[in-house]
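Here is a note for a colleague who is starting to read protein structures. Please keep the sequence and the 3D view open while going through the numbered points.

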Amino acid sequence: MCGIIGYCSKNGKASAVIFEDLKRMEYRGYDSSGIAMISAGKLIIRKGIGKLDEVNRRYKLDKIPGQVGIGHTRWATHGGVTKPNTHPHTDCTGQIAVIHNGIIDNYQELRRDLIKRGHHFASETDTEVIPHKIEDELKKGHSLEEAVMTIAPRLEGSYAFLAISTKEPGKIVGTRKGSPLIVGMGNHQAFAASDSLALAGQINQLFMLGEGDVAVLTADKAVFYDSTGREIHIKASKPDAVWSENDKGGYDYFMLKEIMEQPKSLVAAALQDKELFTSVALDILRAGQVIVTACGSSRYSALVGRYLFSSVGKKFCEVVMASEFQYFADSVSKNTLVLAISQSGETLDVIEGVELARKAGAKIVSIINRPQSSLGELSHNVLYLNCGPEIGVAATKSFLNQLAIFYLLSFSMVHSFDMAVDSIRKVSRQVSRTIDWNKDELARITEEYYMKNDFYYIARGINFAIASEGALKLKEISYIHAEGMPAGELKHGTLSLIEKGTPVLVICPGDYTYKETLGNAIEAKSRGAKIIAVSDVDNEIYDHWIRLPKVHELLYPILATLRLQLLAYNMAIKRGHNPDMPRNLAKSVTVK
Ligand code: F6R
């Protein structure tokens with residue numbers, strides 16, 4: 001959430017570079033944005049509300065002169081979406097600019113104290129305390145890095161921030177605690193950013209900052225300090241080429257591109273280290289208890305995983321919503337294995353629960369997409385999704401790859417990893433072959449229901465979490481209220497909401513759940529519901545039939561998900577919404 005970028009260069013068009021890099025991080029937040037540059041010894045700040053392109057049209061962010069600057073794209077936490085609350089923020093003298101990702105928990109008390117001492121605030125944000133506190137330190141004669149190192153320990157909460165000052169015009173200073181910040185070096189140019197994706201193709205060395213580390217950047221050099229002020233060496237790594245791909249590949253939206261590349265990304269999911277999978281699978285089987293923690297779509301994949309572990313590996317595990325996990329920390333011990341699922345590896349709810357579990361002695365295994373993530377650092381073992389960058393805010397290919405990883409892991413429990421790899425490869429071909437199957441039917445469904453206010457998604461067994469995932473996809477990008485639930489649960493309350501014409505989407509493959517699920521659909525139809533079935537078997541009760549190919553019962557989730565993604569996408573487009581940037585949301589949720 002919130003993308004931050006700092007750029008030190010020897011070229012006078014630095015703001016154009018900052019703007020382009022911000023565009024690549026816009027998925028982290030898009031309420032408002034701004035850039036601050038140091039130009040001829042003066043600080044120039046331009047900012048405004050709206051998506052980056054709109055702000056740029058109005059304020060020409062990419063035309064600010066100067067060689068050193070910082071940029072921010074915001075997902076509002078403290079303070080509404082207004083121009084004064086937009087980053088960068090400055091101090092009373094207008095000589096310091098700061099951008100920040102995270103939340104300063106003790107900002108109210110810091111702000112009260114600063115106001116008492118004569119500081120004037122221009123925004124309602126937590127961030128603005130930072131430039132004012134730096135101002136105090138610079139007045140004492142400290143350098144910018146000394147100021148940052150002095151004030152950082154007094155900030156509670158999570159942060160990654162970058163600061164510039166007209167007093168030291170060639171320099172950017174940044175630090176992090178609990179929020180991501182990386183440093184990249186290119187040819188006479190230094191970058192700091194929330195995400196390596198922003199720096200694709202521009203750097204040849206990447207540095208990961210540890211908790212509390214401070215980076216001091218000039219165009220040719222990056223110097224690092226730990227939180228005590230001691231200079232440290234951080235090992236450089238090479239940026240991964242796959243993570244440089246970030247164009248829409250000819251599609252209108254990243255979401256559609258990412259849906260369409262799922263056959264390819266499933267093949268990549270199956271490219272795994274057999275030994276690692278077998279050893280993790282055995283750890284899961286041996287553990288006294290297994291807790292899976294995740295949020296949103298990642299949690300729905302975990303619910304499918306729970307089913308696979310039980311039906312294939314005969315191992316029961318509990319799935320706990322990551323934001324609630326901390327309240328169960330008392331039950332975690334060294335006999336616990338915690339499986340943390342996160343596309344980004346930066347979701348704060350997941351990280352905080354995992355930190356507590358690790359302190360209690362639990363073994364931590366993570367399933368992550370992004371390389372070099374905070375969650376990865378906390379884990380004893382990491383399994384990677386291998387699906388490359390996912391830019392659309394809604395999880396698509398990462399979700400399918402999570403399902404594939406759970407599939408591989410569950411079959412590794414019964415020493416059938418190779419067979420599972422073959423099945424995933426086969427299913428990727430089925431996804432590819434059937435990707436266009438329901439084009440006309442999906443278009444008809446969209447046309448008929450896009451003005452509806454409510455949708456219900458139902459399914460049983462392994463597919464119930466897919467119903468929830470389908471509903472989440474629909475609501476987050478098309479803004480239609482949708483609920484997903486086990487089909488048998490409908491009659492325990494929600495059925496009272498069904499009236500004439502209410503769309504009920506039922507996932508009912510022709511497996512052992514078919515008859516009972518169909519029975520629940522008939523109960524809804526008897527109350528006037530329109531039945532949209534996702535199935536490989538036709539039935540007269542369907543008002544619409546979204547066809548699935550026949551596959552093994554454990555693989556229907558992969559094929560059903562694809563269809564639900566496309567339905568949600570169509571609905572969003574028909575209702576005139578940008579599916580890549582749904583309102584109020586952001587990819588990578590790094591706040592609580
Ligand atoms: C929904 C979606 C979110 C994420 C959730 C967890 O389409 O993308 O629900 O799944 O925010 O994110 P990660 O997996 O990065 O921890």
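1. Where does Ala40 lie? In this predicted model, Ala40 is found in the loop that runs between strand 2 (32–39) and strand 3 (42–49). Its backbone deserves a careful look, since Ala40 has a positive phi of about 50 degrees although it is not a glycine. Most residues other than glycine have a negative phi, and most peptide bonds are trans. As for its surroundings, Ala40 counts as exposed because its relative accessibility is 83%.

2. A positive phi also appears at Asn584, another residue other than glycine, where the value is near 65 degrees. Asn584 is placed in the segment after helix 18 (556–574), and with a relative accessible area of 55% Asn584 is exposed. The backbone at Pro88 should be inspected too, for the peptide bond from His87 to Pro88 is cis, with omega near 0 degrees. Pro88 belongs to the loop between strand 4 (68–74) and strand 5 (89–90).

3. Stepping back to the whole protein chain, one counts 18 helices and 24 strands, and the chain is divided into domain 1 (3–244), domain 2 (247–433) and domain 3 (436–576). The C-alpha centres of domain 1 and domain 3 are 45 Å apart. The C-alpha atoms of the chain fill a box of roughly 80 × 50 × 45 Å when this is taken along the principal axes. For 592 residues a compact globule would have a radius of gyration near 25 Å, and the chain's own value of 25 Å agrees with that.

4. How much of the protein chain is buried? Of its 592 residues, 62% count as buried, while the chain exposes about 22400 Å², of which carbon and sulfur atoms supply 50%. Among the contacts between residues at least 6 apart in sequence, 71% join residues that are at least 24 apart.

5. Helix 5 (residues 144–151) is a good place to study burial, as six of its eight residues are buried. These are Leu144, Glu145, Ala147, Val148, Met149 and Ile151. The cover over the buried residues of helix 5 includes helix 4 (129–139), strand 7 (157–165), strand 8, strand 12 and strand 13.

6. Strand 12 (residues 214–218), one of the elements that cover helix 5, is itself mostly covered, with four of its five residues buried. Strand 12 pairs with strand 8 (residues 172–177) in the antiparallel sense over four bridges, and in this pairing Ile172 has Leu217 of strand 12 as its bridge partner. Strand 12 also pairs with strand 13 (residues 221–225), again in the antiparallel sense, over five bridges, where Val214 is matched with Tyr225 of strand 13. A hairpin of two residues joins strand 12 to strand 13.

7. Strand 24 (residues 544–547) shows how side chains can alternate along a strand: His544 and Ile546 point to one face and are buried, whereas Trp545 and Arg547 point to the other and are not. Strand 24 runs parallel to strand 23 (residues 530–535), and four bridges join the two. Opposite His544 of strand 24 stands Ile532.

8. A search of the whole structure finds nine aromatic pairs. One of them consists of Phe309 and Phe406, whose ring centres are 5.7 Å apart and whose planes meet at 65 degrees, so the pair is edge-to-face. This pair links distant parts of the chain, with Phe309 in helix 9 (residues 296–313) and Phe406 in helix 13 (residues 397–412), 97 residues apart. Phe309 is buried at a relative accessible area of 0%, and Phe406 is buried at 1%.

9. Which kind of pair do the rings of Phe455 and Tyr457 form? Their centres are 6.3 Å apart and their planes are at 45 degrees, so the pair is tilted. Both Phe455 and Tyr457 are buried, and ring pairs link Tyr449, Phe455 and Tyr457 into a cluster.

10. Finally, Gly388 may be examined in the loop between strand 19 (381–384) and helix 13. Gly388 counts as buried because its relative accessibility is 7%. The C-alpha atoms of Gly388 and Asp240 are separated by 9.9 Å, although these residues are 148 residues apart along the chain.

Key: Residues are numbered from 1 along each chain as its sequence is written. This is a predicted model: local features need pLDDT of at least 70, side-chain atom pairs count only at pLDDT 80 or more; totals for chains, interfaces and linings use all residues. Side-chain values use heavy atoms; hydrogens and water are left out. Buried means under 20% relative accessible area, exposed over 50%, partly exposed in between (1.4 Å probe, protein chains only). Two strands pair if DSSP finds at least two bridges between them. Domain bounds come from an automatic or database domain assignment. The radius of gyration is taken over C-alpha atoms; the globule rule is 2.2 Å times the number of residues to the power 0.38. Contact means heavy atoms within 4.5 Å. Accessible areas come from the Shrake-Rupley method with a 1.4 Å probe; for residues, only the protein chains shown count as cover. Rings of Phe, Tyr and Trp (its six-membered ring) pair if their centres lie within 6.5 Å; planes under 30 degrees apart count as stacked, over 60 as edge-to-face and the rest as tilted.
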